[in-house]
Amino acid sequence: MSNVIGQPLDRVDGRLKVTGGARYAAEIPITGVAYGVLIQSSIAKGRIGNIDTTIASRAPGVISIITHLNAPRLARPTQMPHGQSHPILQGPEIYYSGQSIGIVVADTLERAEHAATLVRVTYDEVKPNVIMEDHLSEAYKPPMGIVGGKSADSLRGDIDQGLGGATTRVEQTYITPIHHHNAMEPHATLAVWEGENLVAYNATQNVYGSRQALAEGLGVALENVRVINPFVGGGFGSKGMTWPHTIITAMAARELKRPVKLSLTREQMFFSNGHRPHTIQKVTLGASADGKLTAIRHETTSHTSTQDDFVEPSGVLTQMLYSCPNVQVTHRLVRLDVGTPTFTRAPGEASGSFAVESAMDELAYALKIDPVELRLRNYAEQDEQEKKPFSSKSLRECYQTGAEKFGWSQRTFEPRSMRDGRYLIGMGMATATYPANFRPASAKAIMFADGRALAQSATHDLGTGGFTVMTQIAADALTLPPDRVRFELGDTRFPEAPGAGGSASAASAGSAVQAACMALKTRLIQMSLSDKSSPLSGLNPQQVSVENGRMFAKDNPSRGETFAQLLTRRNEPRIEAQASAQPGKERGGGGGGSSQGQGSEQADKGGDKGYSMHSFGAHFVEVRVDPDLGIIRVSRALGVYGAGKILNAKTAHSQMIGGMTMGIGMALLEATHIDANFGRFSNSNLAEYLVPVNADIPNLDVHFIDEKDQFVNPIGVKGIGEIGIVGVAAAVANAVFHATGKRVRDLPVTLDKLL
Ligand code: MOS
C-alpha cells in the first residue's frame, strides 16, 4: 500500500525551522563552552617567519592560542574524507591564502575575535601562481583518474574519422569561473570531549565521513567519535568533506579539556572549504548536413591545489548525452597555489553542460535546425559509452512536454527576431542529466507500544526535505499515517548512510528506511501469528493483511489486532528491526559506492552489464535584453524532468526551483575573482559575490514526467538534488544569443559582454 509517498506533505521539520527550534551545529547549548576564532594566512605561498602571540595572549578572556609552534601532533589528512591533504598546524609552510595557521580560544566570541586581531605574523613570501591561463603548458593528466577512479580520458570510435565525415563543425572554447557554494549556514564545529570520547556537532553533509576524518586526524578510534548534525543550512557540496577547521576545533577542545565552538565567517568560508574550480573547456562537434553528430570531443582543463588532484569532471555527461559513434573526453589539471577545490552543485554536470549545450546550440544555428529538433535527431536510445540500456529515460517526453508548455513553437529561429517593445526577447533551451546514484545504506525502525513508530538512519537533510520524504517512506511501509511516524537522522549513533552528495540520499537512505520498516512489519506480523493470545494465532503470513497499523485476516477483517495492541498485551515497550539496502546486479559490476560518500560518485556508474541509470530533463528559458544597456533579465524558465519516483510533490518542486535558481546565478551572476598578485579571492563576501535574489528570479515552472523505474533501486527514486542546475546556464546563454545574436562563451553572461 502506498498512499503517502508522492503527496505534497508539508515539511515535518517546517515548524521547528520557522520558530527557531531547529538547532544547527553552532547553536547547540553546551555549558562551559569556549569560543574559537581561526587565524588564517594572508599570503598564498611561502613560509611563516614568526607568529607573535604575546599581546594577543594577554588580551581579556583569552584561554589559549594554538599555532604550529605549540600544536600537538595531528595526522596528515588524506584528500578524502578530508577536503585537502596538506598538514594542519604542523609546520610553517603556506599552501594558499586563507590557510588556517592557528586558533585563538577565549571565553566569549567577541574576545576571541579581538585577540585574533592582535596576533602578529611575519612571512617569507613567494609570489603565488594563481592564474590557470598562465600555466596551461603545465597541465597534467590526473594520475588517479577522476573521482571514484574512473579514467580521466575516454575514447570511443575515431574522432578524426568522425570529423572528416562532418559537413559542419563547431569548435569553441567555453569558460566557467570559480564558484563558491555560499550556503546560508556557515561551517561550524562544536567539539565536546568526555574523557577519551569526542562528540562533535559539525555542520556537515556527511556525519560518518566527519567521524572518520576526526578519528584519523586526532589519532583516536572510530568508536570514540560521535558526530551529530540534525539540521544543515545548505551545503551544495562544501560540507561533503571535513575541512581543517573541524580538526583544529576538536584538537583545541582536547588540549583545553573544555568544549570549543568555532564558526567560520562568511569571508573565511571562501578560502579553506573548497570551491568549484575554474574550467576551460574546448568542445568540437562534427555533424552531417541532416544534423546527425559524427564526432564529439570535449577537453576540460580545471585547476587544483598544489597538494591534491581534485578534478571537476565536466566531460562525463558528454560520454552518454547524445548518440554519436565517435566521442572523446579528456580532463587535465593545472596546479595553483589555492585551497583544494571540491564538489560544487552538480560537480562536472553543471560546468560541463554549459559547454556542451552551448556548443549544441551553436551547431543548431550552423545547420539551421531548431535546437530541440537537433537534440531529438541525436537522441541516445541507449548509453553508448557503457553499451547498456537505460533503466528508464523520459528525455523525449521532457523535450516535447517542455516545448509545449513553454510555447516553443512561438519562437522564431533567427537571432534578434523577437521583440517586446524595445526589449529583445530570446528563448533558449538545454538538456539536463544527472546520474541516478545509489549507495549502500542502513536504517533502523522501531514500533512503540502506543502505536507510534520511529525510523533512524545517519542520512542528512540539507534543507531540501529529507526528514519529510523519509517519514513518508516509513509511513507507507508501516501502513501508518505520517503523523504517527518520526524520522531521525544526522547522528553516527544511527545506522550508516552515505554522505549527502551525488543526489543519492533519497535513493539510498530511502531504500534502507523502507527495508527496515518492512522488516519491522514482518517481525510484528510473525510475533502476532505465533502468540497464542493473538486473534491471528495459527494463521500464516500469507493470510494476513496490514492496514493503518492493524494486522487482520484477509478472509475475515474483523479478526485482527493493531501493532499497539500486540505490544501492549505482550508488555513490550518497543520492537525494532534494522536493514540495509545496496545496489544489486541491475547496475552491473557489483555496484560500488562507499559510505564515505562523495568519493564514490563516479564509482557507482561503472560496471559492464546491467543498466545505465540517469535522470534526464530539459530546461527552457526566456530572457529580455535591453538593447541599449545590455541588461539581461530572465523572464520565464521551465524545467521538465524524468527523475523516477517523486517522493513529495511539494519539496521536489522547491528543490527544482532551487536548482534552477542556482543555474540562473551561474548564468548571469556568480564568479569568484582571484587577485593575481596576492592569490586571495578578492570578492569574498555576499556583496561582491553575487547570488540571485528574488528580483532576479521570475516564476519558475517545474514539471515531472510520471516515470516508473523498476531497476534503479527498491523505491524507484533517481534523485533530484542536482539535476535542477544542469543545463540552466547554457539555456540562459542560448536565450541571450537568440535575443541578441551575441554568443557569450565565458560565464557569467554579464552586460559588458553584450556591448
Ligand atoms: Mo553535491 S555537490 O554532491 O553536495
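Reader: Hey, which residue does Asp696 form a salt bridge with?

Author: Its partner is Arg633, and the closest N and O atoms are 3.8 Å apart. Keep in mind that this is a predicted model.

Reader: OK, and where do those two sit?

Author: Asp696 lies in the loop between α13 and β29, while Arg633 is in strand β28 (residues 632-642), so the pair ties together parts that are 63 residues apart in sequence.

Reader: Is Asp696 buried or exposed?

Author: Neither, really: Asp696 is partly exposed, with a relative accessible area of 22%. Arg633 is partly exposed too, at 37%.

Reader: What else is Asp696 in contact with?

Author: Not counting neighbours within four places in sequence, Asp696 is in contact with Ile664, Leu669 and Val691, as well as Arg633.

Reader: How many salt bridges are there?

Author: The count comes to 38. One of them joins the side chains of Asp531 and Arg570, at 3.3 Å from N to O. That pair links distant parts of the chain, 39 residues apart: Asp531 is in the loop between α11 (505-529) and β23 (544-547), and Arg570 in the loop between α12 (563-569) and β26 (574-581).

Reader: Which residues are linked in a network of salt bridges?

Author: Asp361, Glu362, Arg743 and Arg745 are linked that way.

Reader: Switching topic: what's in the largest nonpolar core?

Author: That core has 86 residues, and Leu285, Leu363, Phe620, Val623 and Val732 touch the most other members. Apart from it lies another core of 52 residues, among them Ala443, Ile525, Leu529 and Leu647.

Reader: Why would nonpolar side chains be together like that?

Author: In soluble globular proteins, nonpolar side chains tend to be buried together.

Reader: Which nonpolar residues form a patch on the surface, then?

Author: Leu629, Ile631, Leu751 and Leu755 do, with about 370 Å² of accessible area together. Leu751 is found in the segment after α14 (728-740), and at 39% relative accessibility it counts as partly exposed.

Reader: Last one: how many residues of α10 are buried?

Author: 13 of the 13 are, so α10 is largely enclosed by the rest of the structure.

Reader: And how far apart are its end C-alpha atoms?

Author: They are 18 Å apart, which agrees with the span expected for the 13 residues of α10 (residues 466-478) at 1.5 Å a residue. Just after α10, Thr479 takes a positive phi of about 60°.

Methods
Residues are numbered from 1 along each chain as its sequence is written. This is a predicted model: local features need pLDDT of at least 70, side-chain atom pairs count only at pLDDT 80 or more; totals for chains, interfaces and linings use all residues. Side-chain values use heavy atoms; hydrogens and water are left out. Patches are made of residues with over 30% relative accessible area and no salt bridge: like charges are joined within 9 Å, nonpolar side chains (Val, Leu, Ile, Met, Phe, Trp, Tyr) within 5 Å. Accessible areas come from the Shrake-Rupley method with a 1.4 Å probe; for residues, only the protein chains shown count as cover. A salt bridge is a side-chain nitrogen of Lys or Arg within 4 Å of a carboxyl oxygen of Asp or Glu. Helices (H or I, at least four residues) and strands (E, at least two) are DSSP runs, numbered from the N terminus. Buried means under 20% relative accessible area, exposed over 50%, partly exposed in between (1.4 Å probe, protein chains only). Contact means heavy atoms within 4.5 Å. A nonpolar core is a set of buried Ala, Val, Leu, Ile, Met, Phe, Trp, Tyr and Cys residues joined through side-chain atoms within 4.5 Å. The expected span of a helix is 1.5 Å times one less than its number of residues.
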